[in-house]
Amino acid sequence: MSARQIRFSTLWRREVNRFMKIKKQTLGAPLLETFLYIMVFGAALGSRIKHLHGIDYILFVIPGLIMMAFSTNAFANNSSSILQQKFQGAIQDQLSSPASPGELLLAFSLGGFMRGLTVATLTFVVSAVLVGLPVDHLLVLVPSLFLVGFFFSQLGVLTGVRAEQFDDVAFVQTFVLQPLIFLGGVFYSAALLPQPFETLTRFDPIYYMINLVRYGFVGFTEVSIPLSLLALTGATAALFLVNLRLFTSGYKLRA
Amino acid sequence: MREGALQIEELVKRYPTGVEALRGVSLEIGPGELFGLLGPNGAGKSTLIHCTTGLAQPTAGSIRVFGHDAINDYGAARQAVGLAPQELNLDWFLTVEETLDYHAGYFGMPKRERRERTRELLETFSLTEKRDERTRTLSGGMKRRLILARAMMHRPRLLILDEPTAGVDVELRLELWHYVQRINQEGTTILLTTHYLEEAEQLCDRIAFINEGQIVGEGTSGELAARYGVANLEDAYLALVGRKELSRSHIEVTAS
């Protein structure tokens, strides 16, 4: 391994090690939350609703829950890890190392990505066993989930770098992401909403992410898959470039 | 011409608030030197260190570490520097052993070498028994030892110690002095900031006074005392900060 590879793998390992050391909070709690949603919306409500667009309600909901688990965990991990390290001053150890801004950014991003992936994978495995969740379009599902995870990892990094107190992270999580995710159609189809809510939903970027993931699993979508993939790729790349610029300039990281 | 361990020229650091922490600092530390940087709180010592290690970005001027530009060739420059900061900035999630291992990893050290170096430094700093403890459970003195061990992990050629003995007991202070002298004799260049003048006098080959972002005096402790027309380094320092009335000789005379 070259010095650069050792450096990058250590930076990345530190991020994974952090969330693995507090598994109850970082993996256990989100898993429990996801299963409570499945119980309430899938089992309880599902017995009344039965089908949505010809798909079992529980199978309609689970892809959205997997996407939600991936995104919220990727975001929460990176935003809190960076802010905590800024508070402790421990981030100075990484910042004064020979690591480039790109290496630092990617390592921080991958921590959240791995946590999101772990929770999403466990949710998928259990769902596949319990309710026989299918995978209809693997070639759409894999890049969609990868992009969703990476997008929210970047958003977590951006929020963590910009934040000066934990309230700043909580604000984005509670007042921005949570409403966008819930109103993006995790639990329902936008086509069922009255106007103007149906049209408003189409301005929610997360609506397109949910549709991509849902299409990957059960083959149902209300939006164009190629256009949504293209837009998500563009948004993820743009966010990565913004973060790279911040890391290169040292914004709120280096005095 | 010999390559300097640290060459700083006309360094300026202006914060976005408008505060000018460094106002054209020039400084040269030779390889193998043990150099002291003294000055009152807020004089610019930590800012100078942060600019050297990449934790702050200079507004103007240049910094070279063993010939490597700290901005344009930051990888090589930072590789040569080990920093033991004033703050106890340890990662709460890591154990003592992980702290050392991860740090060396950030500097690209292979696994086997990291393992050996960790064992060696845990032993040197009497931390072996604490190796599996989380850093936040350590006492202040233990944290200070760990910070120094961490700075040494990647075998830096220039070690920067920012007030390493602040708040430590006498025993640990003397232990640290011995260690600093030993590694300096083995070839490591050291930049030390301290508020303890006897520490600077005893350990350092040369000393610089920094005040209000400028170097206002440089030389051996004898040369500095002569420059201010006083008997010792402490009086020279008091002259620098405009508190000559606090001189021990003055107090003794007043008391008698």
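**Exercise 1.** Which residue does B:R64 stand opposite in β5(B)?

*Solution.* This is a predicted model, so let's just read off the strands. Start with the pair: β4 (residues 60-65) of chain B runs antiparallel to β5(B), and two bridges link them. Now look across from B:R64, and you land on B:D69 in β5(B).

**Exercise 2.** Work out the strand order of the open sheet in chain B, then find its edges and the helix that packs on it.

*Solution.* Step one: go across the four strands, and you get β2-β1-β4-β5, with antiparallel pairing. Step two: pick out the strands that pair on one side only, which are β2 (20-29) and β5 (68-69) of chain B. Step three: add helix α1 (residues 45-53) of chain B, which packs on the sheet and touches β1 (6-14), β2 and β4 of chain B. Its direction is at about 110 degrees to that of β1(B).

**Exercise 3.** Describe how α1(A) and α6(A) cross, and what their contact is made of.

*Solution.* First find the helices: α1 covers residues 3-21 of chain A, and α6 covers residues 101-131 of chain A. Their axes come within 8 Å and cross at roughly 35 degrees. Next, the handedness: the crossing is right-handed. Among the residues making the contact are A:F8, A:L11 and A:W12 from α1(A), and A:L104, A:F108 and A:M114 from α6(A). Sorted by class, the contact has ten nonpolar, one polar and five charged residues.

**Exercise 4.** Which element of chain A gives the most to the side that touches chain B?

*Solution.* Begin with the counts: 23 residues of chain A contact 26 residues of chain B. On the chain A side, α1 and α5 (91-95) each give two or more residues. The winner is α1(A), with nine residues. By class, that side of chain A has eight nonpolar, eight polar and seven charged residues.

How values were computed:
Residues are numbered from 1 along each chain as its sequence is written. Chains are lettered from A and ligands numbered from 1 in the order in which they are written. This is a predicted model: local features need pLDDT of at least 70, side-chain atom pairs count only at pLDDT 80 or more; totals for chains, interfaces and linings use all residues. Axes are lines fitted to C-alpha atoms, for helices over the stretch in contact, and angles run from 0 to 180 degrees between N-to-C directions. A crossing is left-handed if the near helix is turned anticlockwise from the far one by less than a right angle, and right-handed if clockwise. Two residues are in contact if their C-beta atoms, placed from the backbone, lie within 7 Å. Ala, Val, Leu, Ile, Met, Phe, Trp, Tyr, Cys and Pro count as nonpolar, Asp, Glu, Lys and Arg as charged, and the others, Gly among them, as polar. Two strands pair if DSSP finds at least two bridges between them.
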